[in-house]
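Thanks for coming. I will take the cysteines, and after that the nonpolar cores.

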Amino acid sequence: MDIDLEIFSPVHQIKNKLFTELDLKVFIKRDDLIHPIISGNKWRKLKYILKQAQAQDKTHLVTFGGAYSNHLLATAAAAAKFDFKATGIVRGEPVNNDTLFLCRLHGMELIFTDRDSYRDKPSLFEKHFGNNADVFFIDEGGSSAEGAKGCSELLNELEDTYQHIFCASGTGTTAAGIINGIKEHQLSTQFNTIPVFKNGEFLKSEIDRFLTSPADYHLHTDYHFGGYGKTTPELIKFIKQFVTDTGILIEPVYTGKMLYALFDLAQKKHFKPGDKILAIHSGGIWGLLGMKERFVIS
């Protein structure tokens, strides 16, 4: 079976009074539209991983994530689509939620493990599947050189050039891939990434290990809103307003934080008048399922 999806990821302009006043042209690449579940950077990171598994005649994918992991769900859907068996090793105590329901619906088996054991993923893999030659290890979030390669292809799809590109960062794989794509196309574009973790400076080493050559880029570490999976009323208010104004669905874990940062930096005159800025919607809107109670719609 050919492992591929027909990419539909248009670029839409974000119209906003702030951007008009500052003479900025801001666009968003709609990677959330690639697939309803295997969307955004989830597909881009999985593409070459799945091709590698297929080339090695592996039939069973094993990966890792939290109870609301978009990566787990995307892997479950990709496994179902491309005829793999799938197992997800889930961090924490056994729970039932909407995300894990969808994982199971796509045929993924789930193994729950305590948080201390979860830190050593290779040992967990060896414990459960060490004697099974059909099984293929996929790191949490699809973190890998193959994942970065898939993300670099985003630059092939752009018909315009930009002074800045923005994306959120969790594992650093997407950021590294986009930076590699910028260099491959010999662009002068400044890359900006928003770590979604508290004390996100550590992501620089994660990004750098997947770069094809050294590069300069900006880490904006002040937009974590308390850490991974954390949020505040201010961020929720921003997301509700953005979705109402644009009709583009975003979530508080990744793209919501990235767009908040972009708007805030614009307000602080971080950009030059006339700049064209591209934000990457990295998909993962199913992350909203774990935060429904935070959105009180009046």
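C151 has a relative accessible area of 1%, so it counts as buried. Keep in mind that this is a predicted model.

Which cysteine sulfur is nearest to that of C151? It belongs to C167, and it is 8.2 Å away. A disulfide here needs the two sulfur atoms within 2.5 Å, and C151 is in no disulfide.

Now C103. Its relative accessibility is 0%, so C103 is buried. The nearest cysteine sulfur to it is that of C151, 20 Å away, and C103 is in no disulfide either. The count for the model is 0 disulfides.

On to the cores. The largest nonpolar core has 36 residues. Which of them touch the most other members? They are I14, F19, L24, F166 and L259.

Several elements give two or more residues to this core. The helices among them are α1, residues 17-21, α10, residues 233-246, and α11, residues 255-267. The strands are β2 at 25-30, β7 at 164-169 and β10 at 276-281. The element that gives the most is α11, with 8 residues.

Take L24 as an example from that core. Setting aside neighbours within four places in sequence, what is L24 in contact with? The list is F19, A266, F271, K272, D275 and I277.

Apart from this core lies another one, of 31 residues. Its members include I3, I38, I138 and L289.

To recap: 0 disulfides, a largest nonpolar core of 36 residues, and another core of 31. That is what I have for today.

Definitions and conventions. Residues numbered from 1 in each chain as written. Predicted model: local features only at pLDDT ≥ 70, side-chain atom pairs only at ≥ 80, totals over all residues. Heavy atoms only, no water. Core = buried A, V, L, I, M, F, W, Y, C linked by side-chain atoms within 4.5 Å. Buried < 20%, exposed > 50% of the residue type's maximum accessible area, 1.4 Å probe, protein only. Helix = DSSP H or I, 4+ residues; strand = E, 2+ residues; numbered from the N terminus. Contact = heavy atoms within 4.5 Å.
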